[in-house]
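Visitor: I am new to this structure. Please take a close look at how its side chains meet, starting from one detail of the backbone.

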Amino acid sequence: MSSEKIIQHSEAAAKFNKDVERVNWHDETLWFVRAKRDKSAHQIADWELLRETASQIKFNVLSNIHDYLVEFEANAQRNGIIVHWAADAKEHNEIVHSIMAKHDVKQMVKSKSMLTEECHLNDYLAEKGIEVIDSDLGEYIVQLRKEPPSHIVLPAIHLKKEDVSETFHEHLGTEKGNFNPQYLTESARQSLRNTFLTRKVALTGVNFAVAETGEFVVCTNEGNADMGAHLADVHIACMGFEKLIPKREHLGVFLRLLARSATGQPITTFSSHFKKPRDGKEMHILIVDNGRSTQLGREDFRNSLKCIRCGACMNTCPVYRRSGGHSYHNAVAGPIGSILAPNLDMSKNADLPFASTLCGSCTNVCPVKIDIHDQLYKWRQVLVKEGHTPKAKTVAMKTMATVLANPTVFNIAGKSGRFVMKNIPGMVNNKMNKWYDQREMPDVPEESFREWYKKNSRESKEKGNE
Amino acid sequence: MSSKGEILKRIKANQPQLVSELPDLNLLGSEQFDVLETYKTVLKGIGGDPVEVADYNEIINYIKSNYNLEKRLITTLPELSEIASLDWKTVDPHSLQDVELTVVKAHFGVAENSGLWVTDDILGQRVAPFIAQYLAIIVHKKDLVPTMQQAYDRIGKMEYGFGTFIAGPSKTADIEQSLVLGAHGARGLIVFLLD
């Protein structure tokens with residue numbers, strides 16, 4: 001995996017930015033969702049108290065996660081759920097496959113799970129000859145197009161209805177040129193209903209798992225997780241271990257925050273609590289680490305494990321809105337993804353913490369108060385120290401350090417800089433200068449501040465002596 | 001699989017030394033508002049239809065005049081046996097695919113988000129509220145609570161195999177953020193608010 005050539009965020013974003021109209025549309029669409037979030041949050045008098053409470057609950061979880069996991073496993077097993085542990089993506093995929101193999105089943109219906117995206121489960125199962133159909137409409141669309149989701153809550157947010165129409169025409173035989181979302185959704189409904197009715201194994205994600213009761217909660221608007229799970233013989237639920245919360249009553253806090261932060265809805269249509277399998281059926285839970293325990297040990301980045309995957313930080317991020325989810329080359333895009341990704345692979349994802357203005361908007365909307373922009377800033381320092389930043393940048397920064405540290409050099413550099421920018425602007429305003437790429441260079445002042453100050457302080461002194 | 005021990009060992013070594021206290025949840029849920037009015041407003045806002053009724057007769061009449069009784073209607077409530085069948089609780093859940101309307105009763109509803117709490121013992125079959133084309137849920141007005149805080153107080157240690165909050169009809173906005181009702185589950189939700 002690490003030998004793959006990764007296109008840097010800035011490069012991918014530059015491609016996305018070529019279609020100005022589409023970028024503006026993408027930007028506005030996400031801002032629309034962000035505005036809905038604001039409206040919804042402002043209707044709750046206790047909003048800030050809720051955020052603080054959620055944050056404190058998650059602190060408690062992180063400081064006690066070992067015991068909660070042991071408690072959860074025991075309770076889940078008592079409920080008749082089969083519990084598995086996976087150290088990494090590979091083991092996660094192998095366990096899922098082993099359950100399929102045990103039942104001799106070659107088809108699966110899946111409800112949205114970003115963890116399985118993180119583990120590249122679909123590709124793995126496809127290699128083993130297993131057909132996976134994603135049932136969340138957005139996931140279904142991107143799956144047909146052989147693309148990854150570009151957003152954790154709105155997987156197809158980068159696509160226009162014309163794109164979806166074209167995709168459905170090709171794969172579902174819908175009317176060419178019919179862009180009506182109602183019509184397109186209905187076609188998917190008919191096609192997926194047949195899938196739900198014929199699959200013996202259903203896989204879902206997990207939004208919250210409760211240590212006290214051994215149950216887990218799955219939130220959807222479409223009801224696809226429920227259609228899959230309640231019709232299949234085997235329900236497999238996959239969760240990162242950080243999804244745990246201590247008690248059932250804590251769900252009250254998180255369910256009030258999740259949908260409001262994600263889409264501005266007061267709650268998702270279905271908040272389903274799975275505690276026991278149906279009589280004679282099987283329910284499995286996979287508890288996955290895949291780098292999370294490492295992140296738990298990084299004090300500066302530990303808080304990122306509080307994330308409840310609402311996507312609010314993406315919707316508000318000026319960089320995400322204008323560069324698109326795919327430019328992040330990671331299952332989780334946007335600000336929170338840029339904190340989680342370097343933990344998984346520093347060299348592959350070293351560019352992501354730099355894909356931010358550090359404006360802090362992400363931190364302000366985060367329902368569990370993760371210090372997102374501070375962590376992005378801290379990752380930059382770690383990545384530079386560990387030598388993961390591009391050579392050109394390192395050289396430039398080192399040169400800058402020398403210049404700034406030496407007044408004489410600084411003076412000469414300033415003077416020659418002003419001379420060049422004024423008399424031979426082509427030397428600066430070219431492709432070699434990354435700063436010039438997306439900005440106009442400023443007008444050059446006649447003199448430096450130091451020169452101006454020297455002159456003026458002398459003048460004012462002279463004036464004072466008169 | 002043998003990873004459990006390794007994962008737990010790493011977690012124990014890497015989790016913070018000091019255990020943070022759990023916050024006091026009693027500080028939450030004190031918001032004051034008209035519970036019934038809020039319930040109805042929120043439900044309408046997310047695509048559901050509130051219908052206030054005095055008794056089961058009114059519910060029967062409403063269903064008679066709004067749904068095609070020729071189609072398959074199912075319920076868990078003996079009071080509605082005149083219009084919907086009761087003998088489907090042990091059939092293969094796949095055979096419910098042709099159900100036009102499912103009528104069930106909720107334990108309680110939540111005003112702040114219009115969610116209705118149902119569990120498998122009152123659902124008959126877990127898939128029943130999801131697989132039907134339309135869904136109707138009955139709830140007593142006295143069983144409406146203001147926020148999720150009171151909701152979980154009420155759930156408490158309740159025993160169930162499966163339970164869910166249902167808030168409005170199944171929906172999606174995955175195509176250009178256009179709201180479409182009826183994604184995979186019910187295309188419409190009637191909530192009968194019973195005196």
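Guide: Helices and strands here are DSSP runs numbered from the N terminus, a helix being H or I over at least four residues and a strand E over at least two. This is a predicted model, in which local features need pLDDT of at least 70 and side-chain atom pairs count only at pLDDT 80 or more, while totals for chains, interfaces and linings use all residues. Residues are numbered from 1 along each chain as its sequence is written, chains are lettered from A and ligands numbered from 1 in the order in which they are written, and side-chain values use heavy atoms, with hydrogens and water left out.

The backbone detail is in chain B, where B:Gln177 belongs to the loop between strand 9 (171-172) and strand 10 (180-181). B:Gln177 is not a glycine, yet its phi is positive, near 60°. With a relative accessible area of 13%, B:Gln177 is buried; buried means under 20%, exposed over 50% and partly exposed in between, with a 1.4 Å probe and protein chains only. A:Asp104, also not a glycine, has a positive phi of about 55°. This residue sits in the chain A loop between helix 5 (89-102) and strand 2 (107-110), and A:Asp104 is exposed at 65% relative accessibility.

Now the rings. Over all chains there are 16 aromatic pairs. Rings of Phe, Tyr and Trp (its six-membered ring) pair if their centres lie within 6.5 Å; planes under 30 degrees apart count as stacked, over 60 as edge-to-face and the rest as tilted. One tilted pair is A:Phe270 with B:Phe130, 4.9 Å centre to centre and 55° between the planes. This pair crosses between chains, from strand 9 (residues 270-274) of chain A to helix 5 (residues 128-131) of chain B. A:Phe270 and B:Phe130 are both buried.

An edge-to-face pair is formed by B:Tyr62 and B:Phe192, at 5.4 Å centre to centre and 85° between the planes. B:Tyr62 is in helix 3 (residues 56-66) of chain B and B:Phe192 in strand 11 (residues 188-194) of chain B, so the pair ties together parts 130 residues apart in sequence. B:Tyr62 is partly exposed at 23%, whereas B:Phe192 is buried at 0%.

Ring pairs also link A:Phe270 and B:Phe130 with A:Phe216, A:Phe274 and B:Phe162 into a cluster.

Charges meet rings as well. A charge sits over a ring if NZ of Lys or CZ of Arg is within 6 Å of the ring centre and within 35 degrees of the ring normal. The charged end of A:Lys306 is over the ring of A:Phe59, 3.6 Å from its centre. A:Lys58 lies over the face of A:Phe254, 5.6 Å from the ring centre.
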